[in-house]
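New notebook page, new structure. I'll jot down what I looked up, in the order I got to it.

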Amino acid sequence: MKADDDDSDFLRKLGTKAKRKLKAQRQGQPRVLRGLGLLGIVGWSIAVPVLLGLVVGWWLDQCCPGRYAWTLNLLMAGLLLGCINVVFWVRKEYQTMHDEQDDKEQPHD
């Protein structure tokens, strides 16, 4: 009867792991991880347009120099575009968090 004891022990452990996994899925991501993810999105949302503006502006200054510094102007345009992008991301995440909070507070039928 050793095999029966091993089987029931295995099934008990499997059930415990399944319960833990389901509980973790219901709770979702911890707020710390969500905050770090948002911080990463914010950083890249600003960095990418700024760097693109810098590279394109430098290239334009090299190939067709003019009265205005393309590098500086496109760097500022990239910064503005990045900040606008961040505002949209933060609003979206804020709305998602509040929608999830409202869903948790409403009783399910």
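Which residues form a nonpolar patch on the surface? I found Phe-10, Leu-11 and Leu-14 there, with about 330 Å² of accessible area together. A reminder to myself before going on: this is a predicted model.

I picked Phe-10 out of that patch for a second look. Phe-10 sits in helix H1, which covers residues 2-27. Its relative accessible area is 53%, so I put Phe-10 down as exposed.

Next entry: confidence. For the protein chain I noted a mean pLDDT of 80, with 72% of its residues at 70 or more. Among the chain's elements, H1 has the lowest mean, 72, and H2 the highest, 85. I keep that in mind for the patch, since Phe-10 belongs to H1.

Then I went over to H2. Ser-45 has its place in this helix, which runs over residues 31-63. Is Ser-45 buried or exposed? I wrote down buried, because its relative accessible area is 8%. What does Ser-45 touch, leaving aside its neighbours within four places in sequence? My list reads Gly-82, Asn-85, Val-86 and Trp-89.

Last stop, the cysteines. How many disulfides does the structure hold? Zero. I checked Cys-63 to see why: its closest cysteine sulfur is in Cys-64, 3.2 Å away, which is too far for a bond. A disulfide would need the sulfur atoms within 2.5 Å. Cys-63 is partly exposed, at 41% relative accessibility. Cys-83 also goes down as partly exposed, with a relative accessible area of 36%.

Technical notes. Residues numbered from 1 in each chain as written. Predicted model: local features only at pLDDT ≥ 70, side-chain atom pairs only at ≥ 80, totals over all residues. Heavy atoms only, no water. Helix = DSSP H or I, 4+ residues; strand = E, 2+ residues; numbered from the N terminus. Buried < 20%, exposed > 50% of the residue type's maximum accessible area, 1.4 Å probe, protein only. Contact = heavy atoms within 4.5 Å. Patch = residues over 30% accessible without salt bridge, like charges linked within 9 Å, V, L, I, M, F, W, Y side chains within 5 Å. Areas by Shrake-Rupley, 256 points an atom, 1.4 Å probe, with all protein chains shown as cover. Salt bridge = Lys/Arg side-chain N within 4 Å of Asp/Glu carboxyl O. pLDDT = per-residue confidence, 0-100.
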